[in-house]
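Please look over the sequence and the model shown below, and keep both at hand while reading. The paragraphs that follow go through strands, loops and helices in turn.

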Amino acid sequence: MPAINEKERSVLFYKRMILVVILLTITVLAVIAVVQGVQIHKIKLGNESRAAQNAEQAETIERQTKQLEEQMQELEELRRQKNELETLTQQQSERLAALEAQVAAAAATTSTTSAGGYQALYPDFYAPQTYSATSSPDNTAYLTFDDGPSGNTDIILQTLQEENVKATFFVVGTDNADNLARMRRIVQEGHTIGMHSYSHSYKKIYASVEAFLKDMYQVFNLIKDTTGVTPTCFRFPGGSINSYNKAVYKDIKAEMIRRGFVPYDWNVSSGDASTTKYTPEQLTGYVLNGIGSKSRIIVLMHDSSSKENTAQAVRQIIIGIREKGFIFAPLDYQTKPILF
Ligand SMILES: [Zn+2]
């Protein structure tokens, strides 16, 4: 056995040392590598789970966003419905206001009618025919006499007979036997008898529609009972519009027309209404001058007891009108009225 010398022993020792160091290094490196590998794996795993969490969160956020969007849409829809409702409410309240106005108007009409209630009064106070006053022939003169009858009516009737003229008498109430006989004569001789009120009291008859109807109904019955003729026409005392009846004349006129009666004013006046001072010649002059270029004339005259001059003027008036080319006719229910 060869002796191992000192030098060889030392080399061997270093060789072993180096080997040990290398082995140790490898071992340490391997351990480090394993440890790091484990750590990396752990980190990887953590990352994966975080990614999964993130994905989940993203999904959640997306879902929530969607929900929010849906809620926003619902909100928008609600807002739209609210606006619609507001518009509808506005329209409904406008409609309601309009309806209320209509109801108020209807109530006003009803209360006027029922407050008056006059349409139901005197159910037999009607003309025998419905209102149809459309006849308006040219060159026609309608002589009318108000406030009679009286002694002057006899003179006038005599003249009319002699001149072969038919006229119209708007009579007032009377219980005098002679005047009642004159009413009958008016009818018998082919003239028209119309209503002029019973009392001829402006204050009384123009107090209300009811007051007017009550008074007119009285003269209506008087004429019917006395003459057998149902009157179809009337003349307002003072004319259809005067200072006493402004508040009621429209309602009176409408109600009388509803009952079939025809109202007549005039477009030529003899001037005998308010005075007795005019001579027959003056009265004739007023009538003839008043004709002007009119083609239909309704002439106002009076046959009450104080109007002798009118009775005396009638013949001249007839002659003068005739000379102007007119024919004469009595008013009947078809004669188109002349109204103020
Ligand atoms: Zn009168």
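Two strands are said to pair if DSSP finds at least two bridges between them. With this in mind, and remembering that the model is a predicted one, we can begin with strand E1, which covers residues 140-146. In strand E8, made up of residues 327-328, the bridge partner of Ala141 is Phe328, and E1 and E8 are joined in the parallel sense over two bridges. Ala141 also has a partner in strand E7, where its bridge is to Ile297; E7 spans residues 296-302, and it pairs with E1 in the parallel sense over seven bridges. A further parallel pairing, over three bridges, links E1 to strand E2, residues 168-171.

Within the pairing of E1 and E2, two positions can be followed by eye: Thr144 stands opposite Thr168 in E2, and Asp146 stands opposite Phe170 in E2. Between the two strands, the chain passes from E1 through helix H2 to E2, forming a β-α-β crossover that is right-handed. How much of E1 is buried? Six of its seven residues are, so E1 is largely enclosed by the rest of the structure.

On the way from E1 to H2 there is a loop, and Pro149 is found in it. The peptide bond that leads from Gly148 to Pro149 is cis, with an omega angle near 0°.

Strand E2 itself can be read residue by residue, since Thr168 and Phe170 point one way from the strand while Phe169 and Val171 point the other way, and all of them are buried. E2 pairs in the parallel sense with strand E3, residues 192-195, over four bridges, and in this pairing Val171 stands opposite Met195 in E3. The chain moves from E2 to E3 by way of helix H3, residues 177-188, and this β-α-β crossover is right-handed.

In strand E3 we can stop at Gly194. Is Gly194 buried or exposed? A residue counts as buried if 20 or more other C-beta atoms lie within 10 Å of its own, and Gly194 is therefore buried, with 27 other C-beta atoms within 10 Å. Leaving aside neighbours within four places in sequence, Gly194 is in contact with Thr168, Phe169 and Phe170, as well as with Pro231, Cys233, Phe234, Arg235 and Leu331. Gly194 can also be compared with Thr335, which is 141 residues away in sequence and, from C-alpha to C-alpha, 13 Å away in space.

After E3 comes the loop that leads to helix H4, residues 202-205, and Ser197 is found in this loop. The phi angle of Ser197 is near 95°, which is a positive value in a residue other than glycine, and Ser197 counts as buried because it has 25 C-beta neighbours inside 10 Å. His200 lies in the loop between E3 and H4 too, and its phi angle, near 55°, is likewise a positive value in a residue other than glycine. His200, however, is partly exposed, with 17 other C-beta atoms within 10 Å.

We can now turn to the packing of helices. Two packed helices are described by the angle between their axes and the distance between the axes. How do the axes of H2 and H8 lie with respect to each other? The axes of helix H2, residues 151-163, and helix H8, residues 308-323, come within 8 Å and cross at roughly 10°, which means that H2 is roughly parallel to H8. On the side of H2, the contact is made by Asn152, Ile155, Ile156, Thr159 and Glu163, and on the side of H8 by Glu308, Ala311, Val314, Arg315 and Ile318. The residues of this contact of H2 with H8 divide into five nonpolar, two polar and three charged.

The second pair of helices is H3 and helix H5, residues 209-227, whose axes come within 9 Å and cross at roughly 75°; H3 is therefore roughly perpendicular to H5. This contact is made by Leu180, Met183, Arg184 and Val187 of H3 together with Ile223, Thr226 and Thr227 of H5. The residues in the contact of H3 with H5 divide into four nonpolar, two polar and one charged.

Key:
Residues are numbered from 1 along each chain as its sequence is written. This is a predicted model: local features need pLDDT of at least 70, side-chain atom pairs count only at pLDDT 80 or more; totals for chains, interfaces and linings use all residues. Axes are lines fitted to C-alpha atoms, for helices over the stretch in contact, and angles run from 0 to 180 degrees between N-to-C directions. Angles under 35 degrees count as roughly parallel, over 145 as roughly antiparallel, 65 to 115 as roughly perpendicular and the rest as oblique. Two residues are in contact if their C-beta atoms, placed from the backbone, lie within 7 Å. Ala, Val, Leu, Ile, Met, Phe, Trp, Tyr, Cys and Pro count as nonpolar, Asp, Glu, Lys and Arg as charged, and the others, Gly among them, as polar. A residue is buried if 20 or more other C-beta atoms lie within 10 Å of its own, exposed if 12 or fewer, and partly exposed in between; C-beta atoms are placed from the backbone. A crossover is right-handed if, with the strands pointing away from the viewer, the path from the first strand over the helix to the second runs clockwise.
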